[in-house]
Amino acid sequence: MTGTSSLRETLFPVDEGASRAERAHRLLQGEIVTLGFRPGQALKEAELRAYLGLGRTPIREALLRLSAEGLVVMHANQGTFVAETNFKDLGSIFEVRRPLEGLAAWLSAARLNDAGRERLSQMQDAVGEQLKHPSTIESVALDHQVHELVYELCGNDRLQQILQVLLNLSFRLLLEAGERVPSPGFAVITEAVKDLLDAIAEGRADDAQALASSHAEAAELILRRGF
């Protein structure tokens, strides 16, 4: 699968008003999740300062956050490394993701307001266009954005934060799996995604919950084919 750079720019934009620490976190997070920085790669502070154009303190703060998110590992006297991807992580990640994805979708349908409805409509249009003109890399990116929108619309910051961490871990595995199996297996924008957004838009909370859980289960099956 190609397009890592465009994925990073699309999925991990940096707000102009972000602090230096937030900027460092977002840039490094994007590099790691989209495989710009490979699993197991050493993250040397001097190289990161030169690459990011930022000082030691914001980079260290960012690395601590990324460690808490499971994206980097820090070894005393050895250094900091991009966390390895591991097939064994799939079961534990999706054991948590399946019910929480359903909960987020249920809450999104139950709490949808006018502002959220407008954003949801735009996403429905994007999904409809992708279904008419499928593209593997765009499908993968759009699926990520669909999940993030549902998390935002659920109105629960804690739930959003937890699911975002799990989504990034899953997404990194998805991209690595995509390097091992044919691209057609990664057309993750399907009619089921359209049905999920329709259910949220129409306030059908129970249907949205079931569809979101099923979509997470389908994503796990795609990943298992790649490992």
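**Figure 1. Lining of the largest pocket.** In this predicted model, the lining of the largest pocket divides by class into 10 charged, 9 nonpolar and 8 polar residues. The space in this pocket comes to about 650 Å³. There are 27 lining residues, and those closest to the centre of the pocket are Arg 26, Glu 148, Glu 152, Gln 160 and Gln 164. Five helices, α1, α2, α6 (114-132), α7 and α8, each supply at least two residues of the lining. The helix that gives the most is α8, with 6 residues.

**Figure 2. The whole chain.** The protein has 10 helices and 2 strands. Along the sequence these elements follow the pattern α-α-α-α-β-β-α-α-α-α-α-α. The radius of gyration is 18 Å, and the globule rule gives 17 Å for 227 residues; the two are close, so the protein is as compact as a globular protein of that length. The C-alpha trace spans about 55 × 40 × 30 Å along its principal axes. Buried residues make up 44% of the 227 residues. Of the contacts between residues at least 6 apart in sequence, 74% join residues at least 24 apart.

**Figure 3. The largest nonpolar core.** This core has 35 residues, and Leu 28 and Phe 171 are those with the most contacts inside it. The elements that give two or more residues to the core are α1 (4-11), α2 (20-33), α3 (45-52), α4 (56-68), α5 (89-111), α7 (136-153), α8 (157-178) and α10 (205-226). The largest share, 7 residues, comes from α8.

**Figure 4. Surroundings of Phe 171, and a second core.** With neighbours within four places in sequence left aside, Phe 171 is in contact with Leu 7, Leu 11, Val 33, Thr 34, Val 140 and His 144. A second core, separate from the largest one, has 27 residues. Among the residues of this second core are Leu 100, Leu 159, Ala 199 and Ala 208.

**Figure 5. The largest cavity.** The structure holds 1 cavity of 30 Å³ or more. The volume of the largest cavity is about 40 Å³. Its lining consists of Glu 101, Ala 105, His 147, Val 150, Leu 196, Ala 212 and His 215. Three helices, α5, α7 and α10, each supply at least two of these lining residues. By class, the lining has 4 nonpolar residues, 2 polar residues and 1 charged residue.

**Figure 6. His 147 and its contacts.** His 147 is one of the residues that line the largest cavity, and its place is in helix α7. The relative accessible area of His 147 is 7%, under the 20% limit, so this residue counts as buried. Leaving aside neighbours within four places in sequence, the contacts of His 147 are Arg 97, Glu 101, Leu 167 and His 215. Two of these residues, Glu 101 and His 215, are also part of the cavity lining.

**Figure 7. Helix α9 and the residue Gly 203.** Helix α9 covers residues 191-201, and its buried residues are Val 193, Leu 196, Leu 197, Asp 198, Ala 199 and Ile 200. One of them, Leu 196, lines the largest cavity, while Ala 199 belongs to the second core. Gly 203 follows α9 and has a positive phi, near 75 degrees.

**Figure 8. Leu 35 and Asn 77, two residues with positive phi.** Leu 35 lies in the loop between α2 and α3. Its phi is near 70 degrees, which is a positive value in a residue other than glycine. The relative accessibility of Leu 35 is 6%, so this residue counts as buried. Asn 77 lies in the loop between strands β1 (72-75) and β2 (79-82). Phi of Asn 77 is also positive, near 70 degrees, and this residue too is not a glycine. With a relative accessibility of 87%, Asn 77 counts as exposed.

**Figure 9. Gly 53 in the loop between α3 and α4.** Gly 53 is placed in the loop that lies between these two helices. Its relative accessibility is 61%, over the 50% limit, so Gly 53 counts as exposed. Gly 53 and Ala 24 are 29 residues apart along the chain, and their C-alpha atoms are separated by 9.2 Å.

Definitions and conventions. Residues are numbered from 1 along each chain as its sequence is written. This is a predicted model: local features need pLDDT of at least 70, side-chain atom pairs count only at pLDDT 80 or more; totals for chains, interfaces and linings use all residues. Side-chain values use heavy atoms; hydrogens and water are left out. A nonpolar core is a set of buried Ala, Val, Leu, Ile, Met, Phe, Trp, Tyr and Cys residues joined through side-chain atoms within 4.5 Å. Buried means under 20% relative accessible area, exposed over 50%, partly exposed in between (1.4 Å probe, protein chains only). Helices (H or I, at least four residues) and strands (E, at least two) are DSSP runs, numbered from the N terminus. Contact means heavy atoms within 4.5 Å. On a 1 Å grid over the protein atoms alone, a cavity is a set of points where a 1.4 Å probe fits but cannot get out, and a pocket is an open set with protein on both sides within 12 Å along at least five of seven lines; lining residues have an atom within 4 Å of a point. Grid points are joined across faces, edges and corners, and a volume is the space filled by probe spheres set on the points. Ala, Val, Leu, Ile, Met, Phe, Trp, Tyr, Cys and Pro count as nonpolar, Asp, Glu, Lys and Arg as charged, and the others, Gly among them, as polar. The radius of gyration is taken over C-alpha atoms; the globule rule is 2.2 Å times the number of residues to the power 0.38.
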